[in-house]
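I opened this entry to keep a record of what I looked up in the model, one topic at a time. Where do the chains meet, and what is covered?

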Amino acid sequence: MKAQHFLKGMTHGIPIFLGYLSVSFGFGILAVKSGLSVMEAAAVSLFNLTSAGQAAGVGIIAAGGSLVEMILAQLTINLRYSLMSLSLSQKLDKSFNTPRRLICSYGITDEIFALASTQPGLITPWYMYGMILVSGIGWVLGTILGAAAGSLLPADISDALGLMLYGMFLAIILPPARKEKGVLAAVLTAAGISCIIYFLLPFISAGFSVIICAVISAVICALLFPRDDEEEAEVQQ
Amino acid sequence: MSIAIYIAVMAGVTYIIRMVPFTFFRRKIKSRFLKSFLYYIPYAVLSAMTVPAIFFATGSIVTAAAGAAAALVLAYLGLPLIVVALSASAAAYLTGFIMNLF
């Protein structure tokens, strides 16, 4: 069972691996430009496993910013993970004891959360380990490659690769949006609010924007389209 | 200041944000409203992160829009994640290539 779940997690991690490889490649280039060594860039990726927070963090390092600034920036940009952790905590099977929760907490990224939380039924620790391992290797490896050899890849190719993760997001949200009115409403309201903030309220940071959009649209949809929960009892196979 | 200290602080804050709700929140939520709320959160989060950011991901709105359109159609048809993701990149690259011919 463990091996089977681990393997399934690893398989689900492959698209994330490929997406991360290209995105963290860009981060690697940025980190070296900001004055970090290849090893330091790799360490940032290994210990943080997040895109926007790392980019902002490296900017603060380059500018010689204060630690308070670093803490506030990470809190703001990464606070969305708290919401994701809370949501995902409802989908954990019984074998998730404290050490296993402490380990898996490390790997709650936008993409891993997206895949894990949209699985049918409950998720197991080994499924999470497999997905986090494969995704994490992609993230660190891409960072090292970008930091070491970033300038070798033609700009139009690396630009195009920047779309991969967004493509993956659409592939996650659209099929259920076709089937469920509530999901469709959540997707459309969140996108709408996100555009309003981006174009009309640009002083709101990207991290906060995600929180605001998600909370407002999920509240609206929970009120208008409350769900029955019969399918949550079964554990995934 | 040493870069290692920056990295340690950054990593510590990021980990705590993820760890606290994941580790210490053990109750099963009973409220139908809260359950529905948490069910819709991932879709809302992903949608908010994708729109409008997808249109600025390649540095050219035209190539990004081409990639987004390809992803939209293929995702709507229910194709696998990796197919949709690679097709989005390929469509953006090809559009940029064609634009450069003129």
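Before reading off burial, I note that a residue counts as buried if 20 or more other C-beta atoms lie within 10 Å of its own, with C-beta atoms placed from the backbone. I also keep in mind throughout that this is a predicted model.

**Entry: a covered helix in chain A.** With that cut-off I looked up helix α7 of chain A, residues 110–117, and found it mostly covered, since eight of its eight residues are buried. The buried residues include the acidic pair D110(A) and E111(A) as well as I112(A), F113(A) and A114(A). I then asked which elements the buried residues of α7(A) pack against. In chain A they pack against α1, α5 (80–89), α8 (125–149) and α10 (164–179), and α2 of chain B joins them.

**Entry: F169(A) and the core.** I followed A114(A) outward and found that F169(A) touches it, along with L46(B), M49(B) and T50(B), when residues up to four places away in sequence are not counted. F169(A) is also listed in the largest nonpolar core, which has 112 residues, among those with the most contacts inside it; the others so listed are A214(A), Y40(B), A44(B), V84(B) and A88(B). Helix α1(A) gives the largest share of this core, 12 residues. As background I wrote down that in soluble globular proteins nonpolar side chains tend to be buried together.

**Entry: chain B on its own.** Chain B has four helices and zero strands, and along the sequence I read the pattern α-α-α-α. For its 102 residues a compact globule would have a radius of gyration near 13 Å, whereas I find 20 Å for chain B. The C-alpha trace of chain B spans about 60 × 50 × 20 Å along its principal axes. I count 50% of the residues of chain B as buried, and of its contacts with a separation of 6 or more, 34% join residues 24 or more positions apart.

**Entry: chain B against chain A.** How many residues of chain B are in contact with chain A? I find 61 residues of chain B in contact with 84 residues of chain A. On the side of chain B that touches chain A, two or more residues come from each of α1 (3–24), α2 (32–50), α3 (61–76) and α4 (81–101) of chain B. The largest share of that side, 18 residues, belongs to α2(B), and by class the side divides into 45 nonpolar, 12 polar and four charged residues.

**Entry: a helix pair in chain A.** I looked up how α1 (residues 2–33) and α3 (residues 51–62) of chain A pack, and found an angle of about 5° with the axes 10 Å apart. Because angles under 35 degrees count as roughly parallel, I record α1(A) as roughly parallel to α3(A). The contact is made by V23(A), F27(A), L30(A) and A31(A) on the α1(A) side and by S51(A), Q54(A), A55(A) and V58(A) on the α3(A) side. Six of these residues are nonpolar and two polar, with no charged residues in the contact.

**Entry: backbone in two loops.** In the loop between α2 and α3 of chain B lies P52(B), and the peptide bond from V51(B) to P52(B) is cis, with omega near 0°. In the loop between α2 (38–48) and α3 of chain A lies L49(A), a residue other than glycine with a positive phi, near 50°. Is L49(A) buried or exposed? L49(A) is buried, because 25 other C-beta atoms lie within 10 Å.

Key. Residues are numbered from 1 along each chain as its sequence is written. Chains are lettered from A and ligands numbered from 1 in the order in which they are written. This is a predicted model: local features need pLDDT of at least 70, side-chain atom pairs count only at pLDDT 80 or more; totals for chains, interfaces and linings use all residues. The radius of gyration is taken over C-alpha atoms; the globule rule is 2.2 Å times the number of residues to the power 0.38. A residue is buried if 20 or more other C-beta atoms lie within 10 Å of its own, exposed if 12 or fewer, and partly exposed in between; C-beta atoms are placed from the backbone. Two residues are in contact if their C-beta atoms, placed from the backbone, lie within 7 Å. Axes are lines fitted to C-alpha atoms, for helices over the stretch in contact, and angles run from 0 to 180 degrees between N-to-C directions. Angles under 35 degrees count as roughly parallel, over 145 as roughly antiparallel, 65 to 115 as roughly perpendicular and the rest as oblique. Ala, Val, Leu, Ile, Met, Phe, Trp, Tyr, Cys and Pro count as nonpolar, Asp, Glu, Lys and Arg as charged, and the others, Gly among them, as polar. A nonpolar core is a set of buried Ala, Val, Leu, Ile, Met, Phe, Trp, Tyr and Cys residues joined through C-beta atoms within 7 Å.
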